[in-house]
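Got your viewer open? Here is a short tour, one selection at a time.

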Amino acid sequence: METQLDLMKDDLPLMANTSYMLVKHYVLDLDVDFKGKVIEGSIVLFLETGSQYRKTSSAGKECCQSQFDETCEMRASEPCHIPMINVCTCSSKTEYNHFAISGKEEEATTDESSNHSNNEQTSGISSSRDHCDIDNHGNKDFLLVLDCCDLSVLRVEEVDVTAVSGIEKFTRLANLTGVSQELENLRNQIVHGLVTLPADRWKEQLYYFTHCSQAPGCGELLFSTGTWSLEIRKSGIQTPADFPHAIRIWYKTKPEGRSVTWTTDQSGRPCVYTMGSPINNRALFPCQEPPIALSTWQASVRTAAGFVVLMSGENSAEPVQLQEGVLSWYYYVSMPMPASTFTIAVGCWQEVKQQSFKQTADFETNTEFSLPSSQADFRWHEEICGHVEYPCRFQNPAARLQAVIPYRVFTPCCLMESCEEYLLQLIPQCLSAAYATLGTHPFSRLDVLIVPSNFSSLGMASPHIIFLSQSVLPGGSHLCGTRLCHEIAHAWFGLAIGARDWTEEWISEGFATFLEDIFWARAQQLSHDEIKGQQELKALLRWRRLRDEVQNSEEELQVLRPKKESTGDLSESGASVVKYGLKAEKTFMQVHYLKGYFLLRSLARTIGEVSYLASLRKFVIKFHGQLVLSQDFLSMLLEDIPKQKRSGLTVESIFQNWLDTSGIPKPLLEEGETWKECQLVQQVSGEVTKWIQTNRRIRKSSKKKMKQDKVVFQQLLPDQLVLLLESLLEEKTLCPRILQCLERTYQLREQDAEVSH
């Protein structure tokens, strides 16, 4: 029986003990089975000791004991009750298709080790089972805790990296005596040497990661699964330093697993993809979910011929035929990122090819987008990056000049024409606009995929790949362009710069919402007055949305920094909690988009847009490849604001007015009326008046008289149409004839999804 952690039911626990061990690299080797709706295979983890262990061990403390003590304190006051660990009895063969498990053995493993049904989850969030296994085993074995859910773990084994040819270069040890302890130390020393190779040797590092992942096993490890975690130990090993630093986990997903969705695409063909689940990727592979666990990865994925595998990877993978009817796809990344950003999509996607190469070339050479002078000053100043070492594009002269990174578009075959019409042409425009605003693209290439119709949002950004809903395709370029700009902005804010605490979603979504307007205006090459008009109209629409959401949601979900002063804090083991991470309503809320956007807009007005964008570029250069908290950005920005312009602004006042309170921020209440003076808004107000008057006349007058009083209505932009329809919805009654007239006047069935909604 698992003991309850003192957590709210709707909080998402991040169980991985990252303070003691960190995964530095994942190697996935997987098969996709559409008939059984499972993904199965192995994952090899390359580990390093964490900061907490190094700190305590350097102080001469018993590093492992503090982990046990702390976890026991986190539990209820009742004593720890630890069930016996189920020891898996699988064969330790390493070839892929040799699970060597009979149906009965696999069933027993699943029942005893992987007991995490939906019923169990609704009863409360449970802690890891075996942190306090001292009483059971009479020792203090170290436990590696990984985030894991909805997976069948079949076997865990240590990997014998010493079996790899040429690997001896990563250790200075020689003349091995064959003593097992020395051999264990040698394996760990090899892994340490491999994961700490300098960035200019990343190709060599990837080569040895690949070969080490294929090395034979050298002993099974004990494991146990709980509701939210996989716990692994090696008997007699009491410290992270002595724990195996390369382990292989054989597992398979479950059809009901919540990290991926099995469905059919718009052409009726089967597909599977990661759809942005609240539990992230822990039901796709065992991993460390806390954002602080930055890692690289590589993956080989096998599918039946006819399927295309798209993934977060630096390379544009080409399939290799392994045998008749089976293809293998290989991707890798060399920039460390949270495991939650890993994305995969497997389906019968078709690539949308550019019809005219000349058209793209003309755009890229004739574009007038260029870097502002302040940007150029930052760009060519050879600063040392603040992130962990990796092959960084910000230090690559060729990458710094690349306004448009290579891109591809994939879609179900039935949507090929729709993608050709607008999307394919918009991508280079939006990429160039983003480059002109923020500078160097953090990622080397981009795939854009139109995902199945069950996708619950308009878009989702991951490293090297963007998912877009089919809803952005009809109705012209406006919605498609703005959503594309929003997702492209996440390359900088959300991916290259991530939130150190997931509860601070506004750092990702607020910035992307603010920047989508900047990018889209530049992509359209609008005049200053046109930009101002469109942005004020957009601000009014967002203010109305925020007002409605605040009136119809729980106050606790309206706070952008729900953990307040404890934001970013971790337990001693590295475990933490995503506040309200499992609350269903939160999935559909936009408060972190909207309040975050209005905060950034307010700051831009205070400092002036030119200076503000220069500060954003400075922030990107300083913090790319790192995790941040709200105060990191706000402190740096306020340093750049002259004292006479600050108007009493401090980090504390911004927390109080914007981030730590529910409702509409006070500064925003004062600004709400100003957008109504915008010319585009006044034009809509005039049209609303006409429609209301027409509606009244229809109700009072005869049909014959109505024909004599024909009213001329103006054509409106998509955002103006949204405001018009929202305003008319506030009327108590509208005649059926008015609704028909609205449909004819604005051709509503041909408008984009936001107007249709």
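Select β2 and β3 to begin: these two strands pair in the antiparallel sense over 12 bridges. Two strands count as paired if DSSP finds at least two bridges between them, and the strands (E, at least two residues) and helices (H or I, at least four) are DSSP runs, numbered from the N terminus. What you are looking at is a predicted model, where local features need pLDDT of at least 70, side-chain atom pairs count only at pLDDT 80 or more, and totals for chains, interfaces and linings use all residues. Residues are numbered from 1 along each chain as its sequence is written, and side-chain values use heavy atoms, with hydrogens and water left out.

**Stop 1: the β2/β3 hairpin**

Pick Met21 and look across to β3, where Thr49 stands opposite. Then go to the turn: β2 and β3 form a hairpin with four residues between them, and Lys37 in that turn has a positive phi of about 55 degrees.

Is β3 enclosed or open? All 12 of the 12 residues of β3 (residues 38-49) are buried, so this strand is largely enclosed by the rest of the structure. Buried means under 20% relative accessible area, exposed means over 50%, and partly exposed is in between (1.4 Å probe, protein chains only).

Now add β9 (residues 246-253): seven bridges join β3 to β9, and the two run antiparallel. One pair to click on is Gly41, which stands opposite Tyr251 in β9.

Before leaving, select Asp29, which sits in β2 (residues 21-33). Asp29 is partly exposed, with a relative accessible area of 23%. Which distant part of the sequence comes alongside? Asp29 and Ala299 are 270 residues apart in sequence, and 5.9 Å apart in space, C-alpha to C-alpha.

**Stop 2: a four-stranded sheet**

Next, select β10, β11, β16 and β13, which make an open sheet in the order β10-β11-β16-β13, with antiparallel pairing. The edge strands are β10 (260-264) and β13 (308-311), each of which pairs on one side only. Neighbouring strands of this sheet are turned by 15 degrees against each other on average, direction ignored.

Zoom in on β11 (residues 270-274), which pairs with β10 in the antiparallel sense over five bridges. Two of the bridge partners to label are Cys271 for Thr263 and Tyr273 for Thr261. In the hairpin of β10 and β11, five residues lie between the strands, and Gly268 takes a positive phi near 85 degrees.

Keep Tyr273 selected and turn to the other neighbour of β11. Strand β16 (residues 344-347) pairs with β11 in the antiparallel sense over two bridges, and the partner of Tyr273 in β16 is Ala345. β11 is mostly covered, with four of its five residues buried. When you look at side chains here, remember that in a regular strand they alternate between the two faces of the sheet.

**Stop 3: α11 against α12**

Time for helices. Two packed helices are described by the angle between their axes and the distance between the axes. The axes are lines fitted to C-alpha atoms, for helices over the stretch in contact, and angles run from 0 to 180 degrees between N-to-C directions.

Select α11 (residues 416-438) and α12 (residues 478-489), which pack at an angle of about 45 degrees with their axes 10 Å apart. That makes α11 oblique to α12; angles under 35 degrees count as roughly parallel, over 145 as roughly antiparallel, 65 to 115 as roughly perpendicular and the rest as oblique.

Show the side chains between them: Leu423, Leu426, Ile427, Cys430, Leu431 and Ala434 in α11 meet Cys480, Gly481, Leu484, Cys485 and Ile488 in α12. A contact here means heavy atoms within 4.5 Å. The contact residues divide into 10 nonpolar, one polar and no charged. In this scheme, Ala, Val, Leu, Ile, Met, Phe, Trp, Tyr, Cys and Pro count as nonpolar, Asp, Glu, Lys and Arg as charged, and the others, Gly among them, as polar.

**Stop 4: α14 against α22**

Finally, pull up α14 (residues 528-551) and α22 (residues 718-729), whose axes come within 10 Å and cross at roughly 35 degrees. Here Leu537, Lys538, Leu540, Leu541 and Arg544 in α14 meet Asp719, Gln720, Val722, Leu723, Glu726 and Ser727 in α22. This contact divides into five nonpolar, two polar and four charged residues.

**Zoom out**

With everything shown, the protein comes to 24 helices and 24 strands. Buried residues make up 58% of its 757 residues.
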